[in-house]
Amino acid sequence: MTRFLINRLLYLVLAIWLLTIFSFCLNWLFPGDVITNMSGIRPLSPNYDMAFQLRGGDSNLFIQYSYYLQNLINFDWGVSLVSQKPVWAEATRTFMATFEILLLGLLLALLTGLPLGALAAARYKSPVDKVIISTAIGGYSIPVFWLAQLLILLFAVKIPWLPITGQIDPLYLIEPKTGSILIDVMLSQSEHKTDALYNALAHMVLPVVVLASLPSMLLLRMMRNTTVEVMQKPYVKAVRARGLSPFRVVTRHAVPNAIQGIIQQLTFIFGLMLANSVIVESIFNWPGIGSWLLKAIIERDYPVIQAALLILVATTLVVNFIFDIYRGWRFPIVREERYGTA
Amino acid sequence: MIKLRSTFPVIVTLLVTACGGEREIPEPLREGLVYCSEGNPEGFNPQLVTSGTTVDATAAQLYDRLIDYDASSQQFVPALATRWQPLDEGTRYRFYLREDVSFHETDYFSPSRKFNADDVIFSFNRWLDPTSLYHNVGGGDYPFFTATGLDKLIKRVVKVDRYTVDIILRNADSSFLANLATDFAVILSAEYAGQLAVKETPEQLDTQPVGTGPYRFRRFRKDYFIRYNRNPDYWRQGPGIEHLVYSITPNANKRMLKLVTGECDVIPYPLVSKLQSLNQKQIKVQSEVSPNVGFWAFNTDKEPFNDPTVRQALAFAINRQAIIDAIYYGNAELADSILPPTSWAYTTTSQQYEYNPEKARQLLDQAGVEPGFKMTIWAMPVQRVYNPNARRMAELMQSDLAQVGVEARIVSYEWNSFRRRLSRGEHDTALVGWYADNADPDNFFRPLLSCAAVSTGSNRANWCHRGFDQILVNAISTTDTEKRKQLYHSAQQLLNQQLPLLPIAHSMRYQAQQDYVTGVELPPYGGISFRKAGKELQQ
Amino acid sequence: MAQPDLYYKDNNPSPLQLVWYSFRGRTAAMFALWVLIALLAVTLLSPILIPYSPAQQFSDAISLPPSWTQQGNIQFMFGTDDLGRDMLSRMLIGSLYSFALPLTIVIVSSTFGIFIGALAGVDRNFKYQLLGHVFDRVLTIPSFLLALVIIAILGPGLGNAIIAITLSLIPQFIYVTRNAVHSEWQKDYVTASRLNGCSDTYLMYRVILPNITPALVMQLTVALSVAIMDIAALSFLGLGVQAPTPEWGSMLSRSLDEVYLSPWSMVLPGIALFITITSINVVGDSLRRSIKQRMDN
């Protein structure tokens, strides 16, 4: 296990290191002044000379890269070209906002996808199964941006249940400290915490549902297919023959077996959700990292683009690492597989 | 499965409680007002800008002026100055200031003294005197004052005593008071500026503002919100709400939907025809005749737009009536002059640019513009009074231009970058517009088309015509209305023939709000004012 | 010279044919396949089929509902949009950008991807091992995010979006090909062929390729649905196709302002996208099941 852990960790560090080099190179790929792209300080600004010094503007590339890395580690990520506010502070806030709906969306996807998948498998080839599985294929094929609009029209406009955009009614005066709205409400001194919390949750429903829809359908299909496979194994037939109810078979035997494959897929699902969060956030005006990146791309705000890309890609890498380690820990066979090829 | 069973009821309860319409409205929502604005302000000091978005967000909320313009009585009324008098045949104005006016007390500044003559002098010298400490903070451009010539007109601002100020002019000027009453001539705190200068963070003056207005600045988060608190020490009748929030919502459709769902209390630039088709009873739509013009400016610095024939040809190529129908839904009037017909200086022009593709092609050939000529149309990313959807308008024009063999590409950036790039003259042509800051017709000409406005960047056509400038100067230096009228008539004829810009429409100004919102004012000249805003909720 | 069949030959269907026999038996799959074929035909013929130019504006017919409604006009079957452009023509031309273009993108990126993947699958050097591990990491980044990265560098626009999506799809193909080749390589029949003295090239094209084709075809369908979704999403966000080019994603995005007055302008492109992607997914899903069936037998 230790060897496995070290091995994975090395690859993670290597990947992140390559990522920083890539992100460093972006400063040259973007048009305009390199130091400005890094620091967000325009050449005409009185602070430019200082930024130039701090980032080793006249030294060679290696020294510049070491300065760059140093700044990255010290969380001195420069300022936004547009708002002239520090990038790092905004980056953490937007990241937390995204992470919040991502986590809830993943939870919702698991809570809906897995039971429905198991249900379909338990009723294999029955009408229930057919309905569930065709819904899943259909649901998997709806473009998220279309689904989001349809849901807004239905549940916010036609039936006025839910708000359309934002994190919370701004009149609750919740300061975005951490970025995660639920935590911010908890931390706030507001006298109306309960109301604010309900309001924040209502704002969250639509983005979370839209974000969860695709992974939920994926999980459903995966769960059903693996479960069906397990159900046809001889040992399951044996326990069935001894009179174990189909429900018990599914929960006791099929599900634990299906979980491993699903955890392997969770990395992919997480990445998918991260990508979709760009679309969902921009539709629901959610102050997350995806919509932050999108605005930066449109406004050509290079320091922000860099930071957002760095964080998004690093997140997928780290999440991949965590799931990998978890799988290696829970299912020793994974460790052996890895060494089989290494 | 067990997990599911226990969480499901929780989710359902949450949904039901969160959505239940029966709940009493929580206190913060009753005490505050949400205005869904269309974009980010560039800063919080209207002196530095001409953008309506910034003016809407700051001028009437954070600041006061020396005098105000009352539209109903069409007179100037006292604000920070209680009274004023012209001296020395109109070349010196004496202002008597109001006593007992305090500046905002915020978490970044606590005033130790009340408003006095020093603040007025500081505020004027900021844009007037290039040697003043703060002149170059924020770039040193004061487009409104340069474009109206106010910086040339005023010679000095002199303190007579603690509560009396003299403004000395170089010559008598008929538009002086009108310009002082605009949203741009705000009064800042000299004490705050002094403190910031000591701390060496002078740029904070424009990002963390302090004024005397009905609201205090609390927080701004780009792309999301601006928060204001009521100023409890306001010197006149203040608002009936505690909090004012600008929720930044650039998408017009989303803004309308948020009004329908009650997430916004007031929205600017509603899609009127759509709102009417929704038939929502609790929503009020206010409309007002507004002195504005949406136009298509040609960058006359660039080939071939420096040739009047080309500009005329392009004008003939555009079906402006179709634009009025499709973009304004008929809520606007086809413009044939830059001045709206309601202005006393308006005149009909001799040459009408009706839709005529053949003639356009013929003129283009004559000017030597080959078929397949490529150009850009810069379209504003936000809605303005004078143009509800510039990008869509650009699409219409794109296909009109394709008919005469001109390939147009549509360019659009975020609003502030868009304006910055326009000022640098990166565009070939641009769809922009103007609405009047005051009742004087001069406000349509000098800020938009004078040579002085080229350098400040508000002359989007980059058009500088000496003869035209002379007419404007002659018109401003006389108070004889009949003579001025003649001069403005000839100015319009000249424009019509030179066509640095093609006027498209004079539009109505609309605003939609919930019926329980009261006192939100749309002064005909200038931004929106929440000074008397309140909410009348039934309990 | 024609070679006469002198001996009776047991007709041995290729793996792809085997999969096809199984695929043929699935009603939903065949239906979806026919939908796709029809779509492809319509797409390719769209320049001929359109009744009007997609950019032509009928100023007397603005926001006209589809012809099957009360106010509709048979002249404009799917109605017109807010600038008076014929929806049918725009949808048809839009299919070029939303369907034919992704198809081309997938073909180009699969060519590169399969070639590199095959090389990587054959060569078992250390550097490929390392490359493989770095690659596994890159793969965890979804293609849409990768496309966003590339657009962030190149700037928005249709050309850049095409480059971005093409590049972002290549890794998936490399990965699938490499793994497929790798697992086939260790099978007995390949070893037998090698013992017979077949060259690597022959092995690749005549021995391994036929056996991994079904897996590659399936990857093609996956990539196609991803490419369609990505190009629509990028255009929806304003980073891809620019006005006035009709593309389903951008049509959807601009229709949002009109949702109340002309709901059809939002519904039609949405449905078109939905049907296309569903059909591709159904085909892909059935392929996967057929491949599995073949393996099991």
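Let's start with one stretch of chain C. Residues 31–50 of chain C are 95% helix and 0% strand, and their end C-alpha atoms lie 25 Å apart. A helix here is a DSSP run of H or I with at least four residues, a strand is a run of E with at least two, and both are numbered from the N terminus.

A word on the model. This is a predicted model, where local features need pLDDT of at least 70, side-chain atom pairs count only at pLDDT 80 or more, and totals for chains, interfaces and linings use all residues. Residues are numbered from 1 along each chain as its sequence is written, while chains are lettered from A and ligands numbered from 1 in the order in which they are written.

Back to that first stretch. UniProt, in an unreviewed entry, marks residues 31–50 of chain C as a "transmembrane region". The same feature name is placed at 96–122, 134–155, 216–241 and 261–284 of chain C. UniProt positions follow the numbering used here, feature names are shortened, and annotations may be inferred rather than shown by experiment. Take residues 261–284 of chain C. That span is 88% helix and 0% strand, with end C-alpha atoms 38 Å apart.

Now the whole of chain C. How many helices and strands does chain C have? There are ten helices and zero strands. Its C-alpha atoms fill a box of roughly 75 × 50 × 40 Å along the principal axes. Chain C has 297 residues, and 46% of them count as buried. Buried means 20 or more other C-beta atoms within 10 Å of the residue's own; exposed means 12 or fewer, partly exposed is in between, and the C-beta atoms are placed from the backbone.

Next, contacts. Two residues are in contact if their C-beta atoms, placed from the backbone, lie within 7 Å. Take the contacts in chain C between residues at least 6 apart in sequence. Of these, 71% join residues at least 24 apart.

One helix pair in chain C deserves a look. Two packed helices are described by the angle between their axes and the distance between the axes. Helix 1 (residues 15–24) and helix 10 of chain C have axes that come within 9 Å and cross at roughly 115 degrees. The axes are lines fitted to C-alpha atoms, for helices over the stretch in contact, and angles run from 0 to 180 degrees between N-to-C directions. The crossing of helix 1 and helix 10 of chain C is right-handed. Right-handed means the near helix is turned clockwise from the far one by less than a right angle; left-handed means anticlockwise. Which residues meet? From helix 1 of chain C, they include C:Pro15, C:Leu18 and C:Phe23. From helix 10 of chain C, they include C:Leu287, C:Ile291 and C:Arg294. By class, this contact has six nonpolar, four polar and one charged residue. Nonpolar covers Ala, Val, Leu, Ile, Met, Phe, Trp, Tyr, Cys and Pro; charged covers Asp, Glu, Lys and Arg; the others, Gly among them, are polar.

On to the neighbours of chain C. The contact between chain C and chain A takes 33 residues from each. On the chain C side, helix 4 (126–139), helix 5 (143–154), helix 8 (200–236) and helix 10 (264–296) each give two or more residues. Which helix gives the most? Helix 10 of chain C, with nine residues. That side of chain C divides into 25 nonpolar, six polar and two charged residues. With chain B, the contact takes 15 residues from chain C and 17 residues from chain B. Here the chain C side has nine nonpolar, four polar and two charged residues.

Now chain A. UniProt places "domain: ABC transmembrane type-1", from an unreviewed entry, at residues 95–323 of chain A. That span is 80% helix and 0% strand, with end C-alpha atoms 20 Å apart. Within chain A, residues 304–323 are 100% helix and 0% strand, with ends 28 Å apart by C-alpha atoms.

Last, chain B. Chain B is divided into domain 1 (40–212) and domain 2 (292–509). Domain bounds come from an automatic or database domain assignment. The C-alpha centres of these two domains of chain B lie 31 Å apart. Their contact takes 22 residues from each domain. On the domain 1 side, helix 5 of chain B gives the largest share, four residues. That side has five nonpolar, 13 polar and four charged residues.
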